Amino acid sequence: MSLSSRLSRRVFIAGLSAAGLALLSGCGYRLAGEHDLPEAIRTVALQGLSDNEPVLRAFQAQLARSSAEWTEQRASADVLVVVEDFQLERRAMIIGPGGAVAENEIRAEMAFHFRYPKSGQPDARSKTQYLSHARSVNYDRNAVLASSSNESEVQAEVAERMGRNLFYRLYSAKPPKID
């Protein structure tokens, strides 16, 4: 293949790529993690998780990439996410012939609802919603340290997914209109 044909092929591919990107940007396509919440949701607070909970950190990270802001002032938030129950547990899924655990499941479950402190209606809230996510972890008796590290990574991934899904549920939050 000659130099000029390789060069013209590269120019063609670059032009085709640029045209594809222009089409995607024109239709409103956005990169993952960039989300704007509805106009009525500008400030968000959360109640029911400790400050060092990985789910809370993941939720705050998603919020930081959006048009809304995190606030500690629950009474002045447009939306208050109230976590009613949160469980992160490990269950034995497969027990080997010697009674040793061969596979665990890391499962997170959350029940929550939205409150709307600025709505002027003190009892304004959504129905209770539920999230859950589970991942399995294989356990190798011969590589205990690697298995423990893998389990920690899976727990972090489950927490990240729960925080992200909690953020996505904010799209369903419909604050009452303030007259």
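Glu 105 and Arg 107 pair through their side chains in a salt bridge, with an N to O distance of 3.6 Å. This is a predicted model, so the distance comes from computed coordinates. Neither partner sits out in the open: Glu 105 counts as buried at 14% relative accessibility, and Arg 107 is buried too, with a relative accessible area of 19%. Arg 107 also has a second partner, since its side chain meets that of Glu 109 in another salt bridge, again at 3.6 Å, N to O. Glu 109 is partly exposed, at 34% relative accessible area. These pairs belong to a wider arrangement, a network of salt bridges that links Glu 89, Arg 91, Glu 105, Arg 107 and Glu 109.

Across the structure there are nine salt bridges. One of them joins the side chains of Lys 118 and Asp 78, at 3.2 Å from N to O. Lys 118 lies in the loop between strand 4 (101-115) and strand 5 (129-138), while Asp 78 lies in the loop between strand 2 (69-70) and strand 3 (79-95), so this pair ties together parts that are 40 residues apart in sequence. The two ends differ in how they are covered: Lys 118 is partly exposed at 42% relative accessibility, whereas Asp 78 is buried at 12%.

As for the overall layout, the protein has three helices and five strands. Read from the N terminus, the elements follow the order α-β-α-β-β-β-β-α. Strand 1 pairs with two other strands. With strand 2 the pairing is parallel and runs over two bridges; here Thr 43 has Glu 69 of strand 2 as its bridge partner. With strand 3 the pairing is parallel as well, through four bridges, and Ala 45 stands opposite Leu 80 of strand 3. Strand 1, helix 2 and strand 2 together form a right-handed β-α-β unit.

Then there is the nonpolar packing. The largest nonpolar core holds 31 residues, and the members that touch the most others are Phe 59, Val 81, Met 110 and Leu 170. Strand 1 (43-47), helix 2 (54-64), strand 3, strand 4, strand 5 and helix 3 (144-169) each put in at least two residues. Helix 3 gives the largest share of this core, with six residues. Val 81 shows how such a position is surrounded: leaving aside residues up to four places away in sequence, Val 81 touches Val 44, Ala 45, Leu 46, Gln 47, Phe 59, Phe 112, His 113, Phe 114, Leu 166 and Leu 170. Phe 59 and Leu 170 thus turn up both in this contact list and among the best-connected core members.

Over the whole protein, 31% of the 179 residues count as buried. Among contacts between residues at least 6 apart in sequence, 69% join residues at least 24 apart.

Confidence is uneven along the chain. The mean pLDDT is 80, and 75% of the residues score at least 70. Strand 1 has the highest confidence, at 93, while helix 1 (residues 3-26) has the lowest, at a mean of 68. Where pLDDT is low, the predicted coordinates should not be read in detail.

Conventions. Residues numbered from 1 in each chain as written. Heavy atoms only, no water. Salt bridge = Lys/Arg side-chain N within 4 Å of Asp/Glu carboxyl O. Buried < 20%, exposed > 50% of the residue type's maximum accessible area, 1.4 Å probe, protein only. Core = buried A, V, L, I, M, F, W, Y, C linked by side-chain atoms within 4.5 Å. Contact = heavy atoms within 4.5 Å. Pairing = 2+ DSSP bridges. Right-handed = clockwise from strand over helix to strand, strands pointing away. pLDDT = per-residue confidence, 0-100.
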